[in-house]
Amino acid sequence: MRKLMFLIPHLGIGGAERVLKNLTDGLRDYENYIVLFENVVKYNVNGELVILNSPASKNLVKKLINLPIRYYKIRKLKKEIKPYAVVSLLEPANFYNAITKLKNQKVILSLRSNYTTAFKENPYFGDNITRKILFFAYKLVFKIFYNKADYIVAISKGVALDAVRNFGISPEKVVVIYNPNPIENIEELAKEDLREWESVFEGPVIITAGRLTKQKGQWYLLRVFRQLKETYKDLKLVILGEGELKEYLVKLSEELGLRTFVWDRDSFSEDFDVYFLGFQKNPFKFIARSKLFVFPSLWEGFPNALVEAMACGVPVVSSDCRSGPREILAPNTDVEYQTEKPEFAEYGVLMPVFDVKFKSAKEPLEEKERMWVEVLDRMLRDESLRMEYSTKSKKRAEDFRIEKVIEKWMEVIG
């Protein structure tokens, strides 16, 4: 049995971490070793865990100290384990995988973000000057070190185009492989009993899922939902996820005059308008009972949440952000096109992307928000349209089944 090594900072709650779990579950014909920088494990993976005990640090001195230590430990592991190929996910795992490349071992880097968009908008990268410096640094690292890899797997065509055009990645090294999804498992989990939450879903529910961060744009959905409540008195909004914008979003919801439930604050009742349910081990049972899955993201790499909602048979209304939603919902269209008006695509509805700007409860709805209100109103009213998209959603989700995606990974691994 040939050996594979996977390199990732940790296995905390996140999209890349869940993808790694799905990859190791699918690659059962290999002896898998999963190397983590720090001992954070929220997913059960198929393979042996190796912890480097080298956690991330924001301190520059500690970062510099970490560099040679990680380099030495990873290179030593590669020599000892002798994997046929080493697959890395997320930065800085990709960087260390590239610079510790050994002869006769394949190095495969997984690019998971449209970095140009992220550097423009993501507050994680700091102020404008810091972002420009980091953008330049990333560009150098990608061009000099990442091109040493045997393959660079981009999780969407948009991510691939960005890497080649803006970061100097050699196009012949790039392969697009979408994220693998355990469709059968999702379908089973979707049937699980809601128990005390059942009463919330007796009327129409709009749901979204994702970390409570700037990237996900949930404040726009709250404002749109408030307008919809004028027409649909019994409509409820469920928000799954945790994150640093929790306080802002809860406050905005309350200032909009919405009765707001917060998972770690309130006692449950069915009388709330908005339900912040935090992280849910099984989000699919909530998604499957909703009328619509709404995704107001401002930027993405490849949104797993869309595919998961589609596997639950729920119609999707998503922003046409970079990158991923268009490739999922309108696969036969130009990946570089972004709509400026509602687009009822083949497998879901694509909407104009909101501006990356926080809003208050007092500000009037802007034009894009009004568009979203009109489309969601139509989707809630038109049952036949919802049923049509529900059927198409489940069909499209099959294209992202683990078994199909793993075949492409095995072609790359060899």
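This briefing covers a sheet, the helices beside it, a further helix and one threonine. The model is predicted. Its sheet is open and has seven strands. Thr116 is a buried residue in helix α4.

**The sheet**
- The strand order is β3-β2-β1-β4-β5-β6-β7, and the pairing is parallel.
- β3 (48–51) and β7 (174–176) stand at the edges. Each has a single partner strand, so one side of each has no neighbour in the sheet.
- On average, neighbouring strands are turned by 25° against each other, direction ignored.
- Strand β2 (residues 31–36) runs parallel to β3, and four bridges join the two.
- Val35 has Val50 in β3 as its bridge partner.

**Helices on the sheet**
- Helix α1 (residues 15–26) lies across β1 (3–8), β2 and β4 (85–89). It runs at about 170° to β1.
- Helix α2 (residues 60–81) also packs on the sheet. It touches β1, β2, β3, β4 and β5 (106–111). Its direction makes about 165° with that of β1.

**Thr116**
- Thr116 sits in helix α4, which covers residues 115–121.
- Its relative accessibility is 16%; buried means under 20%, so Thr116 counts as buried.
- The Thr116 side chain makes polar contacts with the side chains of Asp162 (2.4 Å) and Asn166 (3.1 Å).
- Beyond its neighbours within four places in sequence, Thr116 is also in contact with Phe135 and Phe167.

**Helix α13**
- Helix α13 (residues 367–381) has 15 residues.
- It reaches 21 Å from first C-alpha to last, close to the 21 Å expected at 1.5 Å a residue.
- Its buried residues include Trp372, Leu376 and Met379.

Terms used. Residues are numbered from 1 along each chain as its sequence is written. This is a predicted model: local features need pLDDT of at least 70, side-chain atom pairs count only at pLDDT 80 or more; totals for chains, interfaces and linings use all residues. Side-chain values use heavy atoms; hydrogens and water are left out. Buried means under 20% relative accessible area, exposed over 50%, partly exposed in between (1.4 Å probe, protein chains only). A polar contact is a pair of N or O atoms within 3.5 Å; within protein, one must be able to donate a hydrogen and the other to accept it, and residues adjacent in sequence count only if both atoms are side-chain atoms. Contact means heavy atoms within 4.5 Å. The expected span of a helix is 1.5 Å times one less than its number of residues. Two strands pair if DSSP finds at least two bridges between them. Axes are lines fitted to C-alpha atoms, for helices over the stretch in contact, and angles run from 0 to 180 degrees between N-to-C directions.
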